[in-house]
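Please read this briefing alongside the model. How are the copies related, how is the sheet built, and how do the domains meet?

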Number of protein chains: 2
Amino acid sequence: MKSIIAVDAMGGDRGPAMLVPATLEFLVGHPDAGVILVGDDEAIRAELPDSFASLENRVEIRHCSQVVTMDESPTRAMRTKKDSSMRIALDLVKAGEAHACVSAGNTGALMAIARFVLKMLPGIERPAIVQALPSMTGSTVMLDLGANSECRPEHLVQFAVMGSVLAEAVGGVDNPTVALLNIGSEEMKGNELVQLAAEELRACDINYYGYVEGNDIYEGTVDVVVCDGFVGNVALKTSEGIARMISHFMREEFTRSMGSKLAAVVAKGVLKKISDRIDHRRYNGASFLGLRGTVIKSHGSADSIAFGFALEAALSVSSRNVPELIGERVLQLLAEQAQ
Amino acid sequence: MKSIIAVDAMGGDRGPAMLVPATLEFLVGHPDAGVILVGDDEAIRAELPDSFASLENRVEIRHCSQVVTMDESPTRAMRTKKDSSMRIALDLVKAGEAHACVSAGNTGALMAIARFVLKMLPGIERPAIVQALPSMTGSTVMLDLGANSECRPEHLVQFAVMGSVLAEAVGGVDNPTVALLNIGSEEMKGNELVQLAAEELRACDINYYGYVEGNDIYEGTVDVVVCDGFVGNVALKTSEGIARMISHFMREEFTRSMGSKLAAVVAKGVLKKISDRIDHRRYNGASFLGLRGTVIKSHGSADSIAFGFALEAALSVSSRNVPELIGERVLQLLAEQAQ
């Protein structure tokens, strides 16, 4: 087996009832992968399907007694939930028993515990939440999507390095272009943070493009878009909101009258393809980059299709050794700067 | 005539060839409105259609010799373009000859000159760019959309007052709910700016809702969403980008094969309704609030349909005396705070 994924089988809104079957389904399609289902032994076993026998040699169940709840404070979760499914899944990555951890649980707690258990890579001060978003020309790696609501310029530079490595290693892009998200493309535009970060990026060995604006994320202008976690999270949630509104309008218009319902029947195949392309479930699975190990966060409300994509992400990121590559790249940059 | 609108007939990507006919078209639909077309007399007259005779008593042409270009620095435009169409249109508002100014020109220059000519309302330190965006339940007033890339908490409070007045006066909403845009709804979330602004808003006589996230803009959770101009501009441009990408995907899928082209023909009416509902031209016309006068900025790339909506916005905002109402409301709040 090439990759072992530790799955927090208790996290998220749907718990083991969704997580366990979705994980086994993923194994069927990935004969090289194995999983460790972490959580309440009884709750997990109750969800094992009959088809489990054929996968048994690739599944381990690791019992633990606690669960981090969705609204628990990260500090409290870290201090009092040492036998939680989230903590044990991360411990497994730390111990080298698993190559990646996937959780649909409490984002803040996952971030805090991951930082505590796995530690940061040398040269990286803050972890970032990263996702590949769809674009007209393929996909755009974007970070930070919410881990750091206040950043200093050097953090954005570190995000640029991490995003660049991810786009190259997982996205297969050669020498990816990296841009800073701003509110205009002219040099004097924006706030102090992006202006100072731009100065540092121009001096770095990174394929720095300059500034881009919000629309460029989806136009595919560059391979990697960098911003602080406040701006990134607003952009991501705003995108989800407008995509949902457009889907809502489409549903309304296609069910308005007998004629439009008939049109919906005729156009069914095409509409399905469109909704598949903009289906946010395909983009589920955000990486926490900057840690000494692969941690993937699934949406708490993910269904089994969405959770399958988060498991895919765990496999891609860990099998391409993204954390190690980031570590090497950062050390290189630091060495260049020291010269 | 109730409302006179001063139109910068030289601004934007398309100039008088689009602006003049679009303005006359607007007059046909609004028998109470009059306009002053400001710009090069000859260039404007060259674009007057034959139907002009019937509107002549509601149209004045004010010749001027200069144009502010799209890439000119605001400072330079202010100092050296005192006989530009933009400047004269604003002077007309200042002098009381027009009730509003509409320009599709250079945003930064329009903002700087408007501030210089019209001045700020007492109690408002910064103008904000405001727009009503579509939502699942109607529309959401959002500000600031890009005038201020760095804000202090009291600026967000002033934006909240201005947005609230606009939603009430133009949107017809009674006691509108106002929220701060954040990256989570819990009290401890976000950066220092929103946390301090939230504290001030809770103490204010405003229907303060709390925090909302990006998706809430389009879900219609509240009537007014407040943020700094950096975040607001990114959210707006990101929305435009993803809406354009979805339209692009729809076009691609509906033209992929003979079958899908046939489906497009059958669904044509429904698709037209959907594309009308998400047509960004309908939302063209951002108000610069906080000034002693009504200034509306049209997209530089607006076509005649979009520009018509900007003229509508000018009519609504000026005929409902939004600047005066904001001025009164701010003085009230200051008086309460002084007690």
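The points below take up the pair of chains, the sheet and the domains in turn.

This is a predicted model, in which local features need pLDDT of at least 70 and side-chain atom pairs count only at pLDDT 80 or more, while totals for chains, interfaces and linings use all residues. Residues are numbered from 1 along each chain as its sequence is written, and chains are lettered from A and ligands numbered from 1 in the order in which they are written.

**Relation of the chains**

- A turn of 180 degrees, with a shift of 0.0 Å along the axis, lays chain B on chain A with an RMSD of 0.0 Å (least-squares superposition on the C-alpha atoms of residues with pLDDT of at least 70 in both copies).
- The two copies are thus related as by a two-fold rotation axis.

**Interface between the chains**

- Chain B and chain A each give 46 residues to the contact, where two residues are in contact if their C-beta atoms, placed from the backbone, lie within 7 Å.
- On the side of chain B that touches chain A, the elements giving two or more residues are helix 8 (214-219), helix 9 (229-254), helix 10 (258-266) and helix 11 (268-277) of chain B (helices, H or I of at least four residues, and strands, E of at least two, are DSSP runs numbered from the N terminus).
- Helix 9 of chain B supplies the largest share of that side, 21 residues.
- Because 100% of the interface residues of chain B are also interface residues in chain A, the copies meet through the same surface.

**The sheet of chain A**

- In chain A, 11 strands form an open sheet with mixed pairing, in the order 3-2-1-4-11-10-5-6-9-7-8 (two strands pair if DSSP finds at least two bridges between them).
- Strand 3 (59-63) and strand 8 (208-212) of chain A stand at the edges with a single partner strand each, so one side of each is left without a neighbour in the sheet.
- Strand 1 (residues 3-8) and strand 2 (residues 33-39) of chain A run parallel and are joined by 6 bridges, and Ile4(A) stands opposite Gly34(A) in strand 2 of chain A.

**Domains of chain A**

- The domain assignment, which is automatic or from a database, gives domain 1 (1-122 + 290-320) and domain 2 (125-287) of chain A.
- The centres of domain 1 and domain 2 of chain A, taken over C-alpha atoms, are separated by 25 Å.
- Their contact takes 20 residues from domain 1 of chain A and 14 residues from domain 2 of chain A.
- Helix 5, strand 11 and helix 12 (304-319) of chain A are the elements that give two or more residues to the side of domain 1 that touches domain 2, and the largest share of that side, 8 residues, comes from helix 12 of chain A.
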